[in-house]
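Got the structure open? Here is a quick walk through a few spots worth turning the view towards.

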Amino acid sequence: MINVEMLSTGDEVLHGQIIDTNAAWLADLFFEQGLPLTRRNTVGDNLESLVAILRERSKHCDVLIVNGGLGPTGDDLSALAAATAKGEGLVLHEAWLSQMERFFSERGRVMAPSNRKQAEIPASAELVDNPVGTACGFAMQLNRCLMFFTPGVPSEFKVMVEQQILPRLRDRFTLPEPPLCLRLTTFGRSESDL
């Protein structure tokens, strides 16, 4: 069985300022695909903590879905944490930078210099397309674990999981049959009584 885990990042998630709907959605989708999550973790916007958990989980799971921290601000640390955990630098993905510039231009907006950061990925990483936003995702191998890094915006995250990540998992692994889940609904009796 493939050991799949999720890591949610961001102080706003860790401190309960936003509800982590991405984690619930991914857990349900992956369960239906025969890939039930074995663990979920949440870490705030702290580089040392992010690097530590990436290194730790890379020794225990086969697949890690990392959600959040790919934006243009200083507290978006996922790409830097991934590169640091692997002992390599970030490189500018020129094709993605061009795509971002087009994204803003088509909307009649000027791209802020801070957005350039969203085109930087670890040197050994493979770009994972984000067809609906400016933050590209990426995949990389760390120890035994294949890691996928995704933006935290739910509409972007869901499209990337369905169109980019699941197909890659199907290509790389033999996925088990989805489990059959039967639900029995009862009324008027307590759980302990039943």
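What follows covers a pocket, two helix pairs and one unusual loop residue, all in a predicted model.

## The largest pocket

Start with the empty space: the largest pocket holds about 360 Å³. Its lining is made up of 26 residues, and the ones nearest the centre are Glu 12, Gly 68, Gly 69, Gly 152 and Val 153.

Which helices and strands chip in at least two lining residues each? They are β1 (4-9), α1 (11-14), α2 (21-32) and α6 (154-172). Sorted by class, the lining comes out as 12 polar, eight nonpolar and six charged residues.

## α2 against α6

Two of those pocket contributors, α2 and α6, also pack on each other, with axes 11 Å apart and an angle of about 30 degrees. Angles under 35 degrees count as roughly parallel, so that is the label α2 and α6 get. Their crossing is right-handed.

If you want to pick out the side of α2 that touches α6, look for Thr 21, Asn 22, Trp 25, Leu 26, Leu 29 and Phe 30. Facing them from α6 are Pro 154, Phe 157, Lys 158, Val 161, Glu 162, Leu 166 and Leu 169. The contact of α2 with α6 has nine nonpolar residues, plus two polar and two charged.

## α3 against α4

Now for the other pair. Helix α3 (residues 47-57) and helix α4 (residues 78-86) have axes that come within 9 Å and cross at roughly 55 degrees. That angle is why α3 and α4 are described as oblique to each other. The crossing of α3 and α4 is right-handed.

On the α3 side, the contact uses Leu 47, Leu 50, Val 51, Leu 54 and Arg 55, while α4 brings Leu 80, Ala 81, Ala 82, Thr 84 and Ala 85. By class, the contact of α3 with α4 splits into eight nonpolar residues, one polar and one charged.

## An odd backbone angle

Where does Asn 143 sit? Look in the loop between β7 (137-142) and β8 (145-150). Most residues other than glycine have a negative phi. Asn 143 isn't a glycine, yet its phi is positive, at about 55 degrees.

Conventions: Residues are numbered from 1 along each chain as its sequence is written. This is a predicted model: local features need pLDDT of at least 70, side-chain atom pairs count only at pLDDT 80 or more; totals for chains, interfaces and linings use all residues. Side-chain values use heavy atoms; hydrogens and water are left out. On a 1 Å grid over the protein atoms alone, a cavity is a set of points where a 1.4 Å probe fits but cannot get out, and a pocket is an open set with protein on both sides within 12 Å along at least five of seven lines; lining residues have an atom within 4 Å of a point. Grid points are joined across faces, edges and corners, and a volume is the space filled by probe spheres set on the points. Helices (H or I, at least four residues) and strands (E, at least two) are DSSP runs, numbered from the N terminus. Ala, Val, Leu, Ile, Met, Phe, Trp, Tyr, Cys and Pro count as nonpolar, Asp, Glu, Lys and Arg as charged, and the others, Gly among them, as polar. Axes are lines fitted to C-alpha atoms, for helices over the stretch in contact, and angles run from 0 to 180 degrees between N-to-C directions. Angles under 35 degrees count as roughly parallel, over 145 as roughly antiparallel, 65 to 115 as roughly perpendicular and the rest as oblique. A crossing is left-handed if the near helix is turned anticlockwise from the far one by less than a right angle, and right-handed if clockwise. Contact means heavy atoms within 4.5 Å.
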